[in-house]
Amino acid sequence: RSLLMGCLVGGFTFLYAMNLKAQFEVTTVMHVAPQSSAVFNLRELLLNRRDPAFRETQVGIMRSRILMGEVVKKLELDKNPMFFIENGSVLSKIKQKLGLATEQPTAANISRSIAARLLSQINIASQKDSYLMNITLSLPDAQLAADITNALAESYIRSVQTSQIEQSESSEKWLLDRLEIVNK
């Protein structure tokens with residue numbers, strides 16, 4: 001009996017394992033520190049404290065739909081079979097049976113849907129007492145998961161650089177306006 005039970009359990013385990021899809025977890029690590037200022041920060045130096053609000057803000061920026069939309073567009077995930085949204089969904093079939101009009105998804109809706117799906121699957125976390133951020137994603141395709149996490153990191157970096165340039169230009173304009181007033 002125990003031999004039979006062992007064979008049954010082994011057989012079911014084998015069948016279960018054969019039906020599992022491989023999942024690869026990929027993590028991209030980034031150094032995300034506040035922009036250094038000309039003022040010496042004695043508190044951070046002596047107490048070695050990191051601002052949790054800064055870290056959480058950066059996580060929120062990385063989790064934005066805008067950045068994830070850029071990733072979807074850059075990697076053309078709307079054309080990837082793994083993210084392809086079937087036009088004949090259950091809801092669409094029910095609407096057809098009831099004689100209701102069904103709307104075909106637009107490219108923008110498909111991209112937003114893929115971005116939302118990725119945002120629900122991706123994990124962005126800051127490491128305690130550091131400025132390191134982990135962007136982690138599990139997918140059956142390890143290379144695609146790495147491409148997505150790296151593209152998100154690149155989009156974040158571009159976003160920060162654009163913001164810094166805009167702030168610099170705004171400050172320069174303000175200073176030039178003040179200089180013009182003083183010179184009059």
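**How the helices and strands pack**

The crossing of helices H4 and H6 is right-handed. The stretch of H4 runs over residues 65-75, and H6 takes in residues 107-121. Their axes lie 9 Å apart and meet at an angle of about 110 degrees. Angles from 65 to 115 degrees count as roughly perpendicular, so that is how H4 and H6 sit relative to each other. On the H4 side, the contact is made by Arg-65, Met-68, Gly-69 and Val-72. H6 brings in Ser-111, Ile-114, Ala-115, Leu-118 and Leu-119. Sorted by class, the residues in this contact come to six nonpolar, two polar and one charged.

Stepping back to the whole chain, the model is a predicted one. Its secondary structure amounts to seven helices and three strands. Going along the sequence, these elements come in the pattern α-β-α-α-α-α-α-β-β-α. The protein has 184 residues, and 23% of them count as buried. Among contacts with a sequence separation of 6 or more, 75% are between residues 24 or more positions apart.

Helix H3, spanning residues 52-62, has its own set of buried residues: Phe-54, Arg-55, Gln-58, Val-59 and Met-62. These residues cover an arc of only 135 degrees around the axis, which means that they are on the same side of H3. What lies over them? The cover for the buried residues of H3 includes both helices and strands. On the helix side there are H4 and also H7, which runs from 142 to 183. The strands in this cover include E1 (24-31), E2 (123-126) and E3 (132-139). H4 thus turns up in two places, as part of the cover over H3 and as the partner of H6 in the crossing described above.

Strand E2 is also home to Asn-123. Is this residue buried, exposed or partly exposed? With a relative accessible area of 45%, Asn-123 is partly exposed, as the cut-offs for that class are 20% and 50%. Leaving aside residues up to four places away in sequence, Asn-123 touches Asn-134, Ile-135 and Thr-136. A further pairing takes in Thr-149: along the sequence, Asn-123 and Thr-149 are 26 residues apart. In space, their C-alpha atoms are 9.9 Å apart.

Key:
Residues are numbered from 1 along each chain as its sequence is written. This is a predicted model: local features need pLDDT of at least 70, side-chain atom pairs count only at pLDDT 80 or more; totals for chains, interfaces and linings use all residues. Side-chain values use heavy atoms; hydrogens and water are left out. Buried means under 20% relative accessible area, exposed over 50%, partly exposed in between (1.4 Å probe, protein chains only). Helices (H or I, at least four residues) and strands (E, at least two) are DSSP runs, numbered from the N terminus. The arc is that of the directions from the helix axis to the C-beta atoms. Contact means heavy atoms within 4.5 Å. Axes are lines fitted to C-alpha atoms, for helices over the stretch in contact, and angles run from 0 to 180 degrees between N-to-C directions. Angles under 35 degrees count as roughly parallel, over 145 as roughly antiparallel, 65 to 115 as roughly perpendicular and the rest as oblique. A crossing is left-handed if the near helix is turned anticlockwise from the far one by less than a right angle, and right-handed if clockwise. Ala, Val, Leu, Ile, Met, Phe, Trp, Tyr, Cys and Pro count as nonpolar, Asp, Glu, Lys and Arg as charged, and the others, Gly among them, as polar.
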